[in-house]
Amino acid sequence: MTDSGRPILSVQDLVVYRGKGVHQGNSTVGKDALRVVEGVSFEAAAGETLGIVGESGCGKTTLVHAVLRLIPYQSGQVIFEDVDLGGVSERKLRSLRRDLQVVFQDPYSSLHPRKLIGKILSEPLELHTDLSAKARERAVISLLNDVGLGASFAQRFPRECSGGQRQRVAIARALALRPKLVILDEPVSALDVSIRAQIIELLAQLQRDRGLTYLFISHDLALMRSFCQRLAVMYLGRVVEYGPSDVILHRPSHPYTRSLLASMPIPDPEVERRRNRIEVRGEIPSIRTPPSGCTFHPRCNYAVDRCQVSEPMLEVSDAGVLSRCFFSSEVAAQPPLDDARSSDAPPEPVVEEHLFERS
Amino acid sequence: MSGAETSVRPASTALPEPAPDPVVEVADLEVDFAVRGAIGHAVRGVSFQIRSGEAVGLVGESGSGKTVTALSLLRLLPDRTTRVRARSLRVAGVDVLGASAASLARLRGGAAGVVFQDPLRALTPTRRVGSQIVEVIERHSGRSRTQARLEAVELLSRVGIPDARNRARDYPHQFSGGQRQRILLATAVASHPRLLIADEPTTALDVTTQSQILDLLLDLQQDLKMAVLLISHDLGVIARVCDRVLVMYGGRLVETGSTSDVFRAPGHPYTAGLLRSIPRLDRPGAVTSAIPGEAVDGFTQVVGCAFVPRCSLAAPVCTECPELEDVTPGHQAACWRSELVT
Ligand SMILES: Nc1ncnc2c1ncn2[C@@H]1O[C@H](COP(=O)(O)OP(=O)(O)OP(=O)(O)O)[C@@H](O)[C@H]1O
Ligand SMILES: Nc1ncnc2c1ncn2[C@@H]1O[C@H](COP(=O)(O)OP(=O)(O)OP(=O)(O)O)[C@@H](O)[C@H]1O
Ligand code: SF4
Ligand code: SF4
Ligand SMILES: [Mg+2]
Ligand SMILES: [Mg+2]
């Protein structure tokens with residue numbers, strides 16, 4: 001990949017285990033530990049948005065928690081603004097975290113239940129800035145307004161807010177200190193389209209004004225296409241496709257990405273019913289006993305014998321992206337998927353048809 | 001116009017016998033909160049019914065009152081700070097507002113299963129997920145422990161937890177966000193409930209897993225003839241699963257009807273805006289527009305139609321609050337100017 005900007009965050013060959021007996025930098029782990037992230041590399045250039053997509057349980061949250069050093073990683077490197085996070089002291093890490101903020105996936109457990117939202121938002125300002133109490137109060141209100149909440153929310157406890165309201169408080173908190181990099185783990189999935197659009201506009205504007213970089217985990221592919229410049233598609237702990245998001249989401253080079261695109265629901269009952277789903281079938285394999293060869297082979301429509309025994313590497317496909325598939329160029333040559341209404345649709349819908357399709 | 005051939009899902013149009021008593025019957029639900037001196041009205045005059053075997057979608061902006069509506073069906077809101085009133089509130093034959101604590105407890109997790117938006121509400125962090133499901137099965141079916149264990153593992157693998165037999169022994173925090181959400185679904189259906197309330201059950205899920213979970217939901221619903229109340233802001237999900245849809249705005253129902261009618265020809269400007277603002281992969285070039293303006297919540301004072309500040313059709317008449325009225329038979333909207341909505 002060629003970068004226009006300098007990478008602000010660079011992750012190389014990261015391997016992360018979860019479970020018992022896992023310690024930073026240890027090559028040995030307990031026998032029950034699971035190898036959840038398997039040699040992941042990516043770079044985020046300053047001022048860009050890197051998206052991460054992938055099946056539930058594939059290791060996205062684990063990956064970013066390791067990047068933040070909230071959990072240990074076994075090998076690999078995380079470099080943030082030329083500092084190797086693996087080697088820094090806890091103290092240095094705390095000061096770096098000011099520039100490196102995160103919005104956790106679960107807005108219910110990440111907000112302190114017994115603190116008023118005003119307190120939750122002003123605390124980081126108290127710790128890291130010398131704003132006066134009055135100025136902090138103004139900052140809190142403007143943060144609340146930025147995420148579409150009124151000033152009165154400062155006087156509420158998290159449990160007195162709806163799911164989407166809490167999520168927005170978490171976003172406001174992450175932006176409070178004007179960080180350089182924000183890691184957002186499914187930040188808008190709990191939000192309805194309208195507020196989601198508002199939050200995305202806010203994030204985009206901050207990016208334009210302050211050159212913020214985002215690491216953005218989401219399963220909303222339509223959003224990914226418009227918001228992310230670059231995309232990493234993960235499957236079972238590995239990156240299987242990596243490159244410009246408009247290319248990947250228009251002309252995927254990996255069968256898994258292709259099936260992701262094919263199973264997006266469309267908000268139109270008629271289209272939904274007529275669509276010919278080519279979903280990923282079969283069970284999600286266990287990371288404890290990953291399939292041999294290409295780990296996607298048991299569920300892949302393109303698989304041949306070879307895929308069961310040898311493992312494909314990340315290589316450049318004809319579409320110009322990195323793909324971990326022996327047939328990446330053939331996959332990329334398939335007709336684009338984004339018009340679900342055209343080619344795949346059978347002419348006359350029979351009423352029960354979609355019921356049979358599902359079995 | 002609506003009819004059998006345009007209905008989204010054939011299941012309910014093919015209901016054989018005369019329709020059974022509704023599993024959920026809500027009339028004029030009002031929910032107020034006290035927050036440090038102020039009173040907020042989170043839900044105002046909401047009425048609807050759900051029959052067995054019917055899936056109803058509840059959509060609406062963040063803070064519009066969806067979760068509060070759902071939680072009041074089982075009286076799950078904090079008693080001290082909440083006031084719930086209704087002309088009638090019946091769930092699976094139980095008069096929820098008059099019921100004893102014991103019969104409410106039987107209802108929750110028994111005849112009514114819930115997938116909470118807040119996953120911590122339902123899973124006990126200190127207990128293995130398998131035994132939490134086993135407990136539900138034992139309590140409601142009287143199966144032996146061994147039998148219940150088998151069933152729990154089967155359920156876990158049906159919701160797509162790999163290696164379910166081993167993972168049943170893990171604690172909630174050892175699962176990913178989406179896995180926890182699916183474990184909640186397994187717990188909620190473990191008692192074979194007559195009603196399933198699912199509050200954003202697939203938000204944390206990628207599209208393929210989501211798709212499998214929705215299939216499972218449809219299967220269970222048909223096998224068990226479950227009534228389903230599905231809350232989601234994802235209109236694609238609603239289109240896939242629900243026969244009917246309820247649209248909330250500012251604590252009120254502003255539109256109801258069959259999913260196909262409402263999606264094809266919305267009768268309320270809010271619904272129309274909602275449908276327009278979704279980025280769609282099947283229409284790459286299509287303009288998506290956010291609904292301009294601020295959301296209202298229960299603590300905002302509103303006179304007349306709550307949508308006025310954001311509505312391009314607003315007219316002087318809108319200073320009076322519109323009631324739900326028929327747009328076409330079976331399709332209602334609360335808007336003075338619904339015939340102008342496009
Ligand atoms: N503390 C833990 N102990 C053991 N296994 C864990 C632990 N935390 C996560 N896992 C497992 O690691 C895998 C990756 O989890 P992770 O939370 O990173 O997934 P994810 O990609 O973020 O999924 P989602 O989209 O559902 O949030 C999952 O299979 C999960 O069950
Ligand atoms: N315990 C509470 N005390 C005070 N206000 C509350 C409480 N719970 C909810 N509210 C308020 O009631 C309104 C409706 O909340 P509800 O949780 O039903 O929203 P929602 O439609 O589910 O939104 P979301 O999509 O964000 O989850 C919101 O304005 C919320 O702030
Ligand atoms: S290498 Fe084989 S199994 Fe793997 S994605 Fe490509 S075709 Fe499918
Ligand atoms: S009643 Fe008036 S303001 Fe309200 S939605 Fe209809 S046109 Fe708009
Ligand atoms: Mg996650
Ligand atoms: Mg809610």
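Helices (H or I, at least four residues) and strands (E, at least two) here are DSSP runs, counted off from the N terminus. With that settled, here's a quick tour of a predicted model, mostly by way of its ligands. Ligand 2 has a shell fed by α5 (163-175) of chain A plus β1 (24-35) and α2 (66-73) of chain B, each giving at least two residues. Ligands 1 and 4 come next, and salt bridges round things off.

**Ligand 2: who's around it**
- The shell around ligand 2 counts 22 residues, and the closest are A:Arg156, A:Ser162, A:Gln165, B:Ser62 and B:Thr67.
- Because the residues around ligand 2 come from chains A and B, this site is shared between chains.
- Sorted by class, the ligand 2 shell comes out as 10 polar, 6 nonpolar and 6 charged residues.
- If you're looking at pockets, the space that ligand 2 takes up is the second largest one.

**Ligand 2: polar contacts and burial**
- B:Gly63 uses its backbone here: an N or O atom of it sits 2.7 Å from an oxygen atom of ligand 2.
- B:Lys66 comes in with its side chain, placing a polar atom 2.7 Å from an oxygen atom of ligand 2.
- B:Gln117 also brings a polar side-chain atom, 2.9 Å from an oxygen atom of ligand 2.
- On its own, ligand 2 would expose 640 Å², and the protein buries 95% of that.

**Ligand 1: who's around it**
- For ligand 1 the shell has 20 residues, with A:Ser56, A:Thr62, B:Arg167, B:Ser176 and B:Gln179 as the closest.
- This site is shared between chains too, since chains A and B both put residues around ligand 1.
- The class split for the ligand 1 shell is 12 polar, 4 nonpolar and 4 charged residues.

**Ligand 1: polar contacts and burial**
- A polar backbone atom of A:Gly57 is 2.7 Å from an oxygen atom of ligand 1.
- On the chain B side, a backbone N or O atom of B:Gln174 lies 3.2 Å from a nitrogen atom of ligand 1.
- B:Gln179, one of the closest residues, has a polar side-chain atom 2.6 Å from an oxygen atom of ligand 1.
- Ligand 1 alone has 640 Å² of accessible area, and the protein covers 94% of it.
- Two elements give two or more residues to the ligand 1 shell: α1 (60-67) of chain A and α7 (177-189) of chain B.

**Ligand 4**
- Around ligand 4 you'll find 13 residues, the closest being B:Cys305, B:Cys311, B:Cys318, B:Cys335 and B:Trp336.
- That shell divides into 11 nonpolar residues, 1 polar and 1 charged.

**Salt bridges**
- Side chains with opposite charges can pair up when their charged atoms come close.
- Over all chains, the structure holds 24 salt bridges.
- One of them joins A:Glu48 to A:Arg230, with the closest N and O atoms 2.8 Å apart.
- This pair ties together distant parts of the chain, its two residues being 182 residues apart.
- A:Glu48 is in the loop between β2 (34-45) and β3 (49-54) of chain A, while A:Arg230 belongs to strand β9 (residues 230-235) of chain A.

How values were computed:
Residues numbered from 1 in each chain as written. Chains lettered and ligands numbered in written order. Predicted model: local features only at pLDDT ≥ 70, side-chain atom pairs only at ≥ 80, totals over all residues. Heavy atoms only, no water. Near = heavy atom within 4 Å. Polar contact = N/O pair within 3.5 Å; in protein donor to acceptor, adjacent residues only side chain to side chain. Areas by Shrake-Rupley, 256 points an atom, 1.4 Å probe, with all protein chains shown as cover. 1 Å grid on protein atoms, 1.4 Å probe; cavity = no way out; pocket = protein on both sides within 12 Å on 5 of 7 lines; lining within 4 Å. Sits in = over half its atoms within 2 Å of the grid points. Nonpolar A, V, L, I, M, F, W, Y, C, P; charged D, E, K, R; others polar. Salt bridge = Lys/Arg side-chain N within 4 Å of Asp/Glu carboxyl O.
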